[in-house]
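Q: Please take a close look at one part of this model and describe how it is placed and what it touches. Add whatever helps to set it beside other parts of the fold.

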Amino acid sequence: MTRADQTPAWAALGAHYAGAGRAFDLRTAFAREPRRFDAYSLQAPEVFADLSKNLLDATTLRLLLDLARDCELEDRRDAMLAGRVVNPTEGRAALHTALRAPPGTAPHGDEVQRVLDAMLAFAEEVRDGRTARPITDVVNIGIGGSDLGPRMAVQALDAWRAPQLRFHFVSNVDAHDIAPLLAVLDPARTLFVVASKTFTTQETMTNAALARAWFAERAAVFGGTVAEHFVGVTTNLEAAAAFGITRTFGFWDWVGGRYSLWSAIGLPIAIAIGAARFREFLAGAHAMDRHFATAPLAANLPVLLGLVDVWYRNFHGFGSRSVAPYHQGLARLPAYLQQLEMESNGKQVDLEGRQLAYGTSPVVWGEPGTNGQHAYFQMLHQGTDVVPVEFIAVKRAAHPHADSHRKLLANCLAQSQALMLGKTSEAARAEHAPTAAPDLAPEVLARHRSFPGNRPSTTLLLDELSPRALGALIALYEHRVFTSGTVWGIDSFDQWGVELGKALANRLLPRFTSGDASGLDASTAGLLARLRA
């Protein structure tokens, strides 16, 4: 493989950044390019993207596209979509795209459709009240990809949720997560979904055992059984059966956890919105897959976003990106994207195991607007670090309160405008500031109230937050992460960094009983002693 930093395009980008790139000013660019918005915006399936407020010009884009070609992005993309091994450290394909492909159009199509049909049939049983007892509460017990994706999507698609159903998500091994929920549930009306590929995940199985014990204490009153009220999403049928679960839905080793909400892991989503709309969710993702597979690189939205991420991370040196969805339904999207991006691209060696000489995944973080404006936007506007911001807005609300929605959208547009324009000291001095200290020198106050501006942002627009649109949006982020990971030359589909802490926790656990601190570092031994005291 060719290292990104050994390509002609990388060297050209470095020279470009040292000259025009470092000095680029958005305000000047808009003044010089009256049609900049048209030139740097793009319609992809279900998602319109305005890239015009990013620190780039035609030369930057041309060199970034050269970099993508130098790094063989198209070949790697085609290999992934064809089901070839793109996760070499585990010897696996990454075929989440096959989970949303129409029948007969992707590898493993027959088995995918078989599981999908069975899962959706069960989802309809739950929605229609055709289970042993009508269900009112669905509790998903999982962690990581078995929790973040379904939790995010169910909340985002609440407008399509079956009104008689409530959904709950338990992930933390801390029983403060599950205990308050069990205290208010009716066991006769509750369905537990235990989601764990191996059925051995410590957090998931600990919580599942607590739920089963709670259920068993109450089941005799109404004659319920674990088999009726627990369902498993797993490949370990033997372990599920030993637990008491007889209804299971499986998936495959080519489905990574953070890419799994399209599989049976999406069962809570299917129960919430129904079979027809779950298929719309898949169709939206597939439309974005086709866009990624067929659109020219210069008009390919996931590719462009991934390349801008490389430009900011490796040439501007920006270490994080803030995601600000201006829709309460997307409140959990930043958390979902944290796993998708940082678990995928938080790597320090390339595909051949060589140490990288450049940065990879940025820190991804954020909160929904307008809440974030009253929390961390101060730092975005006037802090010492430049943080690119990603705004996500939805044109049509799912509620009837038009005035509230207009105010929400106005705030979204205003924040990206303010980041770009800033405010000079002269402008600040000309303004009246009624809350300022009366004896503060005007020039000092003006410095406090000025904003540097020229801070980049991207705005993504959806017409509505529908199942199809959400599917397309998530797939867009998946392919964007793949793009930047390919340029960096890393394996975006393994997650060895998750394993060490798990292994050490399993070794420490018996020491809480025995008190044995032999072989531990002084800090861990001291903390263990205090916790046992």
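A: What follows deals with serine 171 and asparagine 207, then with some helix packing elsewhere.

The model is predicted, so local features need pLDDT of at least 70 and side-chain atom pairs count only at pLDDT 80 or more, while totals for chains, interfaces and linings use all residues. Residues are numbered from 1 along each chain as its sequence is written, and side-chain values use heavy atoms, with hydrogens and water left out.

Serine 171 sits in the loop between strand 4 (166-170) and helix 8 (179-182). Helices (H or I, at least four residues) and strands (E, at least two) are DSSP runs numbered from the N terminus. With a relative accessible area of 13%, serine 171 is buried; buried means under 20%, exposed over 50%, and partly exposed in between, with a 1.4 Å probe and protein chains only. Leaving out residues up to four places away in sequence, serine 171 touches Gly142, Ile143, Asp147, Arg151, Asp177, Glu203 and Asn207, contact being heavy atoms within 4.5 Å. Its C-alpha lies 4.7 Å from that of isoleucine 143, although 28 residues separate the two in sequence. The side chains of serine 171 and arginine 151 are joined by a polar contact of 3.5 Å. Such a contact is a pair of N or O atoms within 3.5 Å; within protein, one must be able to donate a hydrogen and the other to accept it, and residues adjacent in sequence count only if both atoms are side-chain atoms.

Asparagine 207 belongs to helix 9 (residues 202-222). Asparagine 207 is buried, because its relative accessibility is 0%. Its side chain reaches the backbone oxygen of asparagine 172 at 3.0 Å. Beyond four places in sequence, asparagine 207 is in contact with Ile141, Val170, Ser171, Asn172, Val173 and Ile178.

Elsewhere, helix 1 (residues 8-21) has buried residues Ala9, Trp10, Leu13, His16, Tyr17 and Gly21. Helix 4 (58-70) and helix 14 are among the elements that cover them.

Helix 14 (residues 301-316) also packs with helix 13 (residues 275-294), at an angle of about 70 degrees and with the axes 8 Å apart. Helix 13 is therefore roughly perpendicular to helix 14. Axes are lines fitted to C-alpha atoms, for helices over the stretch in contact, and angles run from 0 to 180 degrees between N-to-C directions; under 35 degrees counts as roughly parallel, over 145 as roughly antiparallel, 65 to 115 as roughly perpendicular and the rest as oblique. Met288, His291 and Phe292 of helix 13 meet Leu301, Pro302 and Val303 of helix 14.
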